[in-house]
Amino acid sequence: MSRSGMVAIEVTAATVKRGDQLTIGGSAFTVCDMSALASGGKLLHFTSGETFHMGCFTVLWASRHISQLPGFIAPRARRYEGTRR
């Protein structure tokens, strides 16, 4: 069984990562870059060219690739896969 895909998580300014797909106003935006702000928030830059100021107490829903989650162990190829019938 392959463990790949996306999972939905809640993110704050402290936990958002590049590559996250945020849902803002019903639209999905993918984070390509971010800058830390003095207020504790972050200025997010999206692949669409738009920016978003995320305050330090803002909570949003995001889709994150499962391989970016802590504790993820990538599945190994089966040793004798070619010999099975």
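Okay, let me start with one definition: a residue is called buried if under 20% of its relative accessible area is left. And for charges, Lys and Arg count as positive, Asp and Glu as negative. Hold on to those two, we'll want them for a lysine in a moment. One more thing up front: this is a predicted model.

So, the overall picture. The protein has six strands and zero helices, and from the N terminus the elements simply go β-β-β-β-β-β. There are 85 residues, and 22% of them are buried. If you take the contacts with a separation of 6 or more, 47% are between residues 24 or more positions apart.

Now the lysine. K42 sits in strand β4, residues 42-46. What is odd about K42? It is buried yet has no salt bridge. A salt bridge here needs the side-chain nitrogen within 4 Å of a carboxyl oxygen of Asp or Glu, and the nearest side chain of opposite charge, D20, is 9.1 Å from K42. So where does the K42 side chain go, given that D20 is out of range by that cut-off? It reaches the backbone oxygen of A13, at 3.2 Å.

Who else is around K42? Leaving out residues up to four places away in sequence, K42 touches A13 and V16, then M34, S35, A36 and L37, and then F52, H53 and M54.

Let's follow that list to M54. M54 is in strand β5, residues 51-54, and at 0% relative accessibility, M54 is buried. Setting aside neighbours within four places in sequence, M54 has contacts with V11, T12 and A13, with G41, K42 and L44, and with L60. So A13 turns up on both lists: K42 touches A13, and M54 does too. As for A14, it is 40 residues from M54 in sequence, and the two C-alpha atoms are 9.9 Å apart.

Back to D20, which we left without a partner. Which residue does D20 form a salt bridge with? That's R64, with the closest N and O atoms 2.7 Å apart. This pair links distant parts of the chain: D20 is in the loop between β1 (6-11) and β2 (21-24), R64 is in strand β6 (residues 60-65), and the two are 44 residues apart. A search of the whole structure finds one salt bridge, so this is the one, going by the 4 Å cut-off. Both ends are buried, D20 as well as R64. For R64 the relative accessibility is 6%, and that counts as buried.

R64 has another polar partner as well. A polar atom of the R64 side chain lies 2.9 Å from the backbone oxygen of T15. So if you have the viewer open on R64, look for T15 and for D20.

Next, aromatics. How many aromatic pairs does the count come to? One. It is F29 with F46: the ring centres are 5.1 Å apart and the planes are at 35°, so the pair is tilted. F29 is in strand β3 (residues 27-36) and F46 is in strand β4, so the pair ties together parts that are 17 residues apart in sequence. Buried or exposed? F29 is buried, with a relative accessible area of 18%, and F46 is buried too, at 5%.

Staying with strand β3, there is D33. D33 comes out as partly exposed, at 38% relative accessibility. Beyond four places in sequence, D33 touches R18, plus L43, L44 and H45. For D33 and L44, which are 11 residues apart along the chain, the C-alpha atoms are separated by 6.2 Å.

Last stop, the cysteines, since somebody will ask. How many disulfides does a search of the whole structure find? Zero. C32 is partly exposed, with a relative accessible area of 34%. C56 is partly exposed as well, at 35%.

If you want a place to begin in the viewer, go to K42 and its contact with the backbone oxygen of A13, then move on to D20 and R64. That's it from me.

How values were computed:
Residues numbered from 1 in each chain as written. Predicted model: local features only at pLDDT ≥ 70, side-chain atom pairs only at ≥ 80, totals over all residues. Heavy atoms only, no water. Disulfide = S-S within 2.5 Å. Buried < 20%, exposed > 50% of the residue type's maximum accessible area, 1.4 Å probe, protein only. Helix = DSSP H or I, 4+ residues; strand = E, 2+ residues; numbered from the N terminus. Polar contact = N/O pair within 3.5 Å; in protein donor to acceptor, adjacent residues only side chain to side chain. Contact = heavy atoms within 4.5 Å. Phe/Tyr/Trp six-rings, centres within 6.5 Å; stacked < 30°, edge-to-face > 60°.
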